[in-house]
Amino acid sequence: MSSLPSPAVSIAQAVRSGGLPMTQPANEALARIRAASSLNAVLSEVDPSEQLQALEGRLGSGEALPLAGVPVIIKDNLNLRGTVTSCASGMLAEYRSPYTATAVQRLMDAGAVIVAKANLDEFAMGSSTENSAFGPTLNPWGEGRVPGGSSGGSAAAIAARLAPLTVGSDTGGSVRQPAALCGVYGLKPTYGRISRSGLVAYASSLDTVAPFALSAADLALMMGVMSGQDPLDATSLQTSADFSAEPLDLAGLRVGLVTQGKRGATLGVLSALEAMQTTLETAGAEVEETSLPHLDNAVATYYVIAMAEASSNLSRFDGMHYARRTGEGGATETMIQSRETFLGAEVQKRIMLGTFILSSGYSERYYTKALQVRRLIADEFTQAFERFDVLLMPTSPFPAFRLGERSGDPLAMYAADVNTVAVNLAGIPALNVPAGFEELDGQRLPVGLQFAARAGDDTRLVALAATLEGLGAVQLEVPLGYQEFGV
Ligand code: GLN
């Protein structure tokens, strides 16, 4: 057996070492958030004093908490009792959560301190965070560039080291793609691994709560804390998983390099892919190219299913049953005016398309067909995992694009998701690994690679990340003008 690299270091735990007062990291995060307000990564701050008080009490009574005092920023589609959970929508701009999402509660139970709610594309619909009702988030790596989306606020926040850990949601790539564009880890877990209770639903059969991190050790920590069965989410998995950042032996690991993943990729993305292949092979892995032809239909299939589910999930936001109301006249008139006024263009478009897709006469042609193709895609992955332990492809074909560059052309925007959506359709886990940089127009921009594994095998992806860190194949740099957290 080859000698294994030593386990990775946890940034989150380093933040707590050195005997600083428990309040220090949270205050540091809040100071950084204010100093970096021009990024527009954060929509609202959370006053940490109550959480810190409770924490002092628990530590005083001898509880050992793995995330004691670690500041965390959560995407603003996750409920935290007493805070505004806007989903970056005018519709919910005044909505205060009456309860806390299970994943967020578990972080706090482990000692984490929630300090802010992060910007996103409205209701998590988008790939650039330009669809936020509160203005776009900027990418700390390049002036005028998007951070990706829809969890662009959480991705930009951790990339700029505003907090050592952040949380997003991934329905079709919304954590992996912004992680790639911002140069950090983003892990989309197996569907059901982390409870969706308290995550505002976009497309329920695809939605996952998903962490961003700066080390494999932190991924293991966060996954260990957030995952597990939850009686409040009937789709949460019964089986548990033991997350660790103990590296794997790569000797004999079978890696499938997905041919379709190379389409449309920039030179920088292709060269990061080649470098990763070399690293893996040198460490003893067997890398073989493999074609998954059904991936060509993934974007179309995903958008049919996601819009259909969104139209149903968002029907409650009508100003009558729920959310903000405007307009005069009867109930129908009020609902129409409320939705027209408070929902953004992308959300309105998706509700209309989703309603059309589900309408009688068309649902067989579009929705039923999409469900059939979804099955084919899932089966294709299952077959691939008979031959391979993990699959490798770029997370995004290109690095961060410019603000406005794709927002006028929905198909160009959806192309950002070409490598990520199939993973959600199949319900399998996948991880973005920050794997290099590409120079574009004088800006040095991060490039990310995606490893996918069979359903339930999330732990392997975390261990793989730890291995790659040990081999120097992970490039987690701090963007110019920002500083590693805790220094
Ligand atoms: N970009 C995809 C969409 O707009 C994925 C979004 C997500 O994962 N929430 O639907």
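This passage describes the surroundings of the ligand and the cysteines in a predicted model.

The ligand occupies the largest cavity of the structure. Its shell comprises 15 residues, of which Thr171, Gly172, Ser174, Tyr202 and Tyr302 are the closest. By residue class, this shell contains seven polar, five nonpolar and three charged members.

Polar contacts to oxygen atoms of the ligand involve both backbone and side-chain atoms of the protein. On the backbone side, a polar atom of Gly126 is placed 2.9 Å from a ligand oxygen. On the side-chain side, an N or O atom of Tyr302 is separated from an oxygen atom of the ligand by 2.7 Å; Tyr302 is also listed among the closest residues of the shell. For Tyr303, the distance between a side-chain N or O atom and an oxygen atom of the ligand is 3.4 Å. On its own the ligand has 290 Å² of accessible area, and the protein covers 100% of this area.

Turning to the cysteines, the number of disulfides in the structure is zero. Cys87 has a relative accessibility of 1% and is therefore classed as buried, the cut-off being under 20%. Cys182 is likewise assigned to the buried class because its relative accessibility is 1%.

Methods:
Residues numbered from 1 in each chain as written. Predicted model: local features only at pLDDT ≥ 70, side-chain atom pairs only at ≥ 80, totals over all residues. Heavy atoms only, no water. Disulfide = S-S within 2.5 Å. Buried < 20%, exposed > 50% of the residue type's maximum accessible area, 1.4 Å probe, protein only. Near = heavy atom within 4 Å. Polar contact = N/O pair within 3.5 Å; in protein donor to acceptor, adjacent residues only side chain to side chain. Areas by Shrake-Rupley, 256 points an atom, 1.4 Å probe, with all protein chains shown as cover. 1 Å grid on protein atoms, 1.4 Å probe; cavity = no way out; pocket = protein on both sides within 12 Å on 5 of 7 lines; lining within 4 Å. Sits in = over half its atoms within 2 Å of the grid points. Nonpolar A, V, L, I, M, F, W, Y, C, P; charged D, E, K, R; others polar.
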